[in-house]
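Subject: A structure for you to explore

Hi there,

Here is the structure I promised to pass on. Have a look at it first, and then read on for what turned up.

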Amino acid sequence: SPERLYKKSLDHFETEALAGTMPRSDDSIKDKQLGNELLQSTKNLMEHQFVVQAIQEKAKQFTTKLNINLNPQLLTLHAGHHLMTRFEGTLKDQVNDARIIQHMHPTPAVAGHPIQDSIQCIRQLEHFSRGWYAGPIGYVGFDQTEFAVGIRSALLENNQLALFAGAGIVDESTTQDEWDEIENKVSTFLKIFNYEASNKT
């Protein structure tokens, strides 16, 4: 998963909004253009802003100081370009991990906005269980805790493989573009498993 839910080091708190995606290109010039397009995309900036606002509202409930990047940055990973906004803050006294997870999960990136209305809609429209998909996955330590959001993941059970990915839908979304985004996100898994399969034949 490329998306951090939060990281806590003593009273130091970090999180990030990761929403808005553009595919990569093997051509370096085209790849740079795609990154710039993402930074100027009305649709992706709108999607990103929903997540930024929600995280800001959630994090303010248990932090005394919260610093936010004013403009989203471009995060470039192997499978795509992403819009990212970082948050850093100081935790209030006696804030434990259970409270942070309760406030931070789920983010609009996986559950929509407003959260409760969107979750109700998801339950009506999705005719399957998400299982671990989009859940918080991480560790709790004495001095440090870190959780990621379980997106872009795979579940191998016996001889069956399930791949998980999603896309944010806003007013300017198109069905084909969102489907292409999901296919791009799972392409890394497909390449890995196709490579493994070809090596076994």
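A word on names before we start: helices and strands here are DSSP runs, numbered from the N terminus. Please also keep in mind that this is a predicted model.

Let's begin with helix α6, which covers residues 175-200 and contains Ile192. Is Ile192 buried or exposed? Neither label fits, because its relative accessible area is 45%, and partly exposed is the term for values between 20% and 50%. Ile192 also belongs to a nonpolar patch on the surface, together with Leu156, Leu161 and Phe193. Together these residues have about 360 Å² of accessible area.

Helix α6 matters for the next stop too: it gives 7 residues, the largest share, to the lining of the largest pocket. That pocket holds about 1,200 Å³ of space. Its lining is made up of 42 residues, and Arg130, Gly166, Ala167, Gly168 and Ile169 are the ones nearest its centre. Sorted by class, the lining has 23 nonpolar, 11 polar and 8 charged residues. Among the other elements that supply at least two lining residues each are β2 (12-23), α2 (42-59) and β9 (160-164).

Finally, find Pro106 in the loop between α3 (97-104) and α4. Pro106 counts as buried because its relative accessible area is 17%, and the cut-off for buried is under 20%. Its C-alpha atom is 7.8 Å from that of Ala134, although the two residues are 28 apart along the chain.

Enjoy exploring!

Conventions. Residues numbered from 1 in each chain as written. Predicted model: local features only at pLDDT ≥ 70, side-chain atom pairs only at ≥ 80, totals over all residues. Heavy atoms only, no water. Patch = residues over 30% accessible without salt bridge, like charges linked within 9 Å, V, L, I, M, F, W, Y side chains within 5 Å. Areas by Shrake-Rupley, 256 points an atom, 1.4 Å probe, with all protein chains shown as cover. Salt bridge = Lys/Arg side-chain N within 4 Å of Asp/Glu carboxyl O. Helix = DSSP H or I, 4+ residues; strand = E, 2+ residues; numbered from the N terminus. Buried < 20%, exposed > 50% of the residue type's maximum accessible area, 1.4 Å probe, protein only. 1 Å grid on protein atoms, 1.4 Å probe; cavity = no way out; pocket = protein on both sides within 12 Å on 5 of 7 lines; lining within 4 Å. Points joined across faces, edges and corners; volume = space filled by probe spheres on them. Nonpolar A, V, L, I, M, F, W, Y, C, P; charged D, E, K, R; others polar.
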